[in-house]
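Visitor: I'm new to this one and would love a close look at a single part. Could you walk me through the salt bridges?

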Amino acid sequence: QVRLVESGGGLVQPGGSLRLSCAASGSIYQFYTAGWYRQAPGKQRELVAKITTGAIIAGGSTTYADSVKGRFIISLDSAENTAYLQMNNLKPEDTANYYCNSTIQYRNNADGVYYARAFWGQGTQVTVSS
């Protein structure tokens, strides 16, 4: 099947930057979406940024939460099956566990049929503190 693994989290001072990576592995055919969510303690998981590829919407589209617009940039390297989240000018309120979520069309090795569904990574912690 498909597995997503995040990396790049850590502790950073306010105003600093981090780049998160989400590497997908498995019998991947194409991405339909690639997104990042976050969840802070005591809060619901929220969408941070999401790419919908040209496989779904002509020309593709990108969506950002209002709280990160102008500071975060999401990208997808389809050749490497890796999504990135460049986070700049980080604020303490950005502290959370960040999860990648991608809807991927993949080949099931058991029956050779192509399926599509959403997959989640295990999360990576981002802490913004002085």
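**A look at the salt bridges**

Guide: Happy to. Keep in mind that this is a predicted model. The general idea is simple: side chains of opposite charge can pair when their charged atoms come close. Here, the count comes to four salt bridges.

Let's start with Asp-66, which pairs with Lys-69; their closest N and O atoms are 3.1 Å apart. Asp-66 sits out in the open, so to speak: its relative accessibility is 65%, and it counts as exposed because that is over 50%.

Now turn to Arg-71, whose side chain meets that of Asp-94 in a salt bridge, 2.7 Å from N to O. Arg-71 is in the loop between β6 (61–64) and β7 (72–77), while Asp-94 is in the loop between β8 (82–87) and β9 (96–107), so this pair ties together parts that lie 23 residues apart in sequence. Both ends are tucked away: Arg-71 is buried at 8% relative accessible area, and Asp-94 is buried too, at 1%.

These two also belong to something bigger than a pair, since salt bridges with shared partners join Arg-38, Glu-46, Arg-71 and Asp-94 into one network. Within that group, look at Arg-38 and Glu-46: they form a salt bridge, with 2.7 Å between the closest N and O atoms. Arg-38 is buried, with a relative accessible area of 6%. Glu-46, on the other hand, is partly exposed, at 36% relative accessibility. So the Arg-38 to Glu-46 bridge runs from a buried residue to a partly exposed one.

Conventions:
Residues numbered from 1 in each chain as written. Predicted model: local features only at pLDDT ≥ 70, side-chain atom pairs only at ≥ 80, totals over all residues. Heavy atoms only, no water. Buried < 20%, exposed > 50% of the residue type's maximum accessible area, 1.4 Å probe, protein only. Helix = DSSP H or I, 4+ residues; strand = E, 2+ residues; numbered from the N terminus.
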